[in-house]
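Here is a friendly walk through a two-chain model, starting with one helix pair and widening out from there. Please keep the viewer open as you read.

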Amino acid sequence: MFGFHYRLERRTIGFVLAVMVVSSIGGFVEIAPLFTIDETVEDAPDMRMYTPLELAGRNIYIREGCYACHSQMIRTLRDEVERYGPYSLAVESKYDHPMLWGSKRTGPDLARIGGKYSDAWQVAHLMDPRAVVPVSVMPAYTWLGRTALRIDDLGLHLTAMRRVGVPYSDDMIANASADAYGQATPDGDRAAGVVERYGDATHVRSFDGDPSRVTEMDAIVAYLQILGQLTDAAGKQEAVTTGNGQ
Amino acid sequence: MSVGERDPHTGHAMTGHEWNGIKELNTPVPKPVWFFLTATVLFSVVYWVLMPAWPLGVTYTKGLLGIDQRTRVAGDLEKAAMKRATWTGKIEDMDLSTIQADAPLMQIVREAGPALFGDNCAVCHGTDARGGKGYPNLTDTAWLWGGDPETVAETIRVGINASHDETRVSQMPALGRDQILDRNAVLNVVSYVQSLSDSALATGGQADAVAAGKEVFADNCAACHGEDGRGSIDMGAPNLTDGFWIYGGDRQSVFSTVWGGRQGTMPAWESRLTLVDRKILTLYLLDLGSVRQ
């Protein structure tokens, strides 16, 4: 054995080939699980896509680095399931490019935060976290409330998502900017189109409490309120396996 | 010099390299390194056999131990539920008022309540349940929708202005912003509303405004808040005479409320918390209130 290695070391080409073979084993072990991805990722026919406004909110979430302190993955551990709800399924991140599972929790997990608190609370909390949670160490994000959301380029964001596999239709891409405006302006004439394109379960309301303008606050709150709400695949799974979330 | 040469001092083989008379030893890899390398390789082989490991096209090797994270967490949850079953069963089956009279069960409520409240309710209502601007104090005697156990449990279940199908709905219109009242009328009615809990106002310098506001109130507010301003728990309209304020009782706050309206939201908890959880929260809150009075 040592003799073979010793001889191999003295042959440059042979040794380079041997290094490539050995290191490709490591690569193969990492890639191989993807060959079975169709069998291991659950099915969720009811899965909804992010609306343009929610996608804009997701981009703000990434821009502000929220993922550095908040994870979006509930692990298969009893204490996490009891606190945050059913554990996360792979399919729930199907349209997340990139995924925001995270691995650090300075703040709580946000995978199922959608609908847990009111819009008004989310806004108050982002403007000044300590006004509602005195012990919070989260920074304030006051500028979200006063910065108008850039919506003119949302069609391009949707196109980029479509290139990596999110099935946005041409209609959705063409109306992306109008839909972002419509979703945050419930009394406007563009609101109906959002529901028509993205489904009845879409939240159409003024997320920041001011229907007269669409701010970054509208977008981020719209995104937070949809987290964990795109499919109820996890809820169904939970009902089958435990039947008691207490 | 040749490859087969040995170092006379250590007995190790030489590599055959030589630089300016310095020769290189071909020292063998130390035995502990071989030992640990072999041990970890053997461990991985055993691990592959026992645990889920290799992908096989459409499936994967399940491992002899049959360990699966999802069945394990389901088992853990079930075990925990079994441990609690002695009291969760009772809380689920018994009436709220019966539990209130049962000292050992109330002891459990007092222990489980803070964790549930802290995790779900405290962000709005505060860790001490005393609320804040826009979020009612839950320890006082003022209840928007009624403070008996069944009603509180129902409010927790369906929420207020929430996305639940049976949610309680209560909207205070924006009387000023939507031009139902002009600015003067709003100012007058604010004076009147303040005088309801502060009788000194009715006779002081604002007496005229209070009198004018009374008429505005009768025409625009009494339908929900009642002729006497005592509110209505059927509509979640607050009592304006009791000195408890959700959005503040100072002149500016009351003006903002009348001018811009209020549509406070409390999320519905039916889909997030079990019946037992909601019952514990109800009892915990009512217990908090009774302890503090």
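Let us begin with helix H11 (residues 176-183) and helix H12 (residues 191-198) of chain A, which pack at an angle of about 110° with their axes 7 Å apart. That angle makes H11(A) roughly perpendicular to H12(A), a label used for 65 to 115 degrees. Axes here are lines fitted to C-alpha atoms, for helices over the stretch in contact, and angles run from 0 to 180 degrees between N-to-C directions. Helices (H or I, at least four residues) and strands (E, at least two) are DSSP runs, numbered from the N terminus.

On the H11(A) side, the contact is made by Ala178(A), Asp179(A), Gly182(A) and Gln183(A), while H12(A) brings Ala191(A), Gly193(A), Val194(A) and Arg197(A). Two residues are in contact if their C-beta atoms, placed from the backbone, lie within 7 Å. By class, this contact has 3 nonpolar, 3 polar and 2 charged residues. Ala, Val, Leu, Ile, Met, Phe, Trp, Tyr, Cys and Pro count as nonpolar, Asp, Glu, Lys and Arg as charged, and the others, Gly among them, as polar.

A word on provenance: this is a predicted model, in which local features need pLDDT of at least 70 and side-chain atom pairs count only at pLDDT 80 or more, whereas totals for chains, interfaces and linings use all residues. Residues are numbered from 1 along each chain as its sequence is written, and chains are lettered from A and ligands numbered from 1 in the order in which they are written.

**Covered helices of chain A**

Which residues of H13(A) are buried? They are Glu216(A), Met217(A), Asp218(A), Ala219(A), Ile220(A), Val221(A), Ala222(A), Tyr223(A) and Leu224(A), so 9 of its 9 residues are buried (20 or more other C-beta atoms within 10 Å of the residue's own). These residues pack against helix H4 (52-63), H6, H8 and H11 of chain A, which brings us back to H11(A) from the opening pair.

H6(A) is mostly covered too, with 8 of its 9 residues buried, among them Asp119(A), Trp121(A) and His125(A). Its buried residues pack against helix H7 (129-132), helix H8 (143-146) and helix H13 (216-224) of chain A, together with helix H5 (122-125) of chain B.

**Where the chains meet**

The contact between the chains takes 25 residues from chain A and 28 residues from chain B. Helix H5 (78-84) and helix H6 (119-127) of chain A each supply at least two residues of the side that touches chain B. That side of chain A divides into 11 nonpolar, 9 polar and 5 charged residues.

**The chains as wholes**

Chain A has 14 helices and 0 strands. Its radius of gyration is 23 Å, well over the 18 Å that the globule rule gives for 246 residues, so chain A is more spread out than a compact globule. The radius is taken over C-alpha atoms, and the rule is 2.2 Å times the number of residues to the power 0.38. Chain B comes to 11 helices and 4 strands; its radius of gyration is 36 Å, where a compact globule of 293 residues would have one near 19 Å.

| Chain | Extent along principal axes | Buried residues | Share of contacts (separation of 6 or more) from residues 24 or more apart |
|---|---|---|---|
| Chain A | about 80 × 45 × 40 Å | 34% of 246 residues | 68% |
| Chain B | roughly 120 × 55 × 40 Å | 26% of 293 residues | 55% |

Terms used:
A residue is buried if 20 or more other C-beta atoms lie within 10 Å of its own, exposed if 12 or fewer, and partly exposed in between; C-beta atoms are placed from the backbone. Angles under 35 degrees count as roughly parallel, over 145 as roughly antiparallel, 65 to 115 as roughly perpendicular and the rest as oblique.
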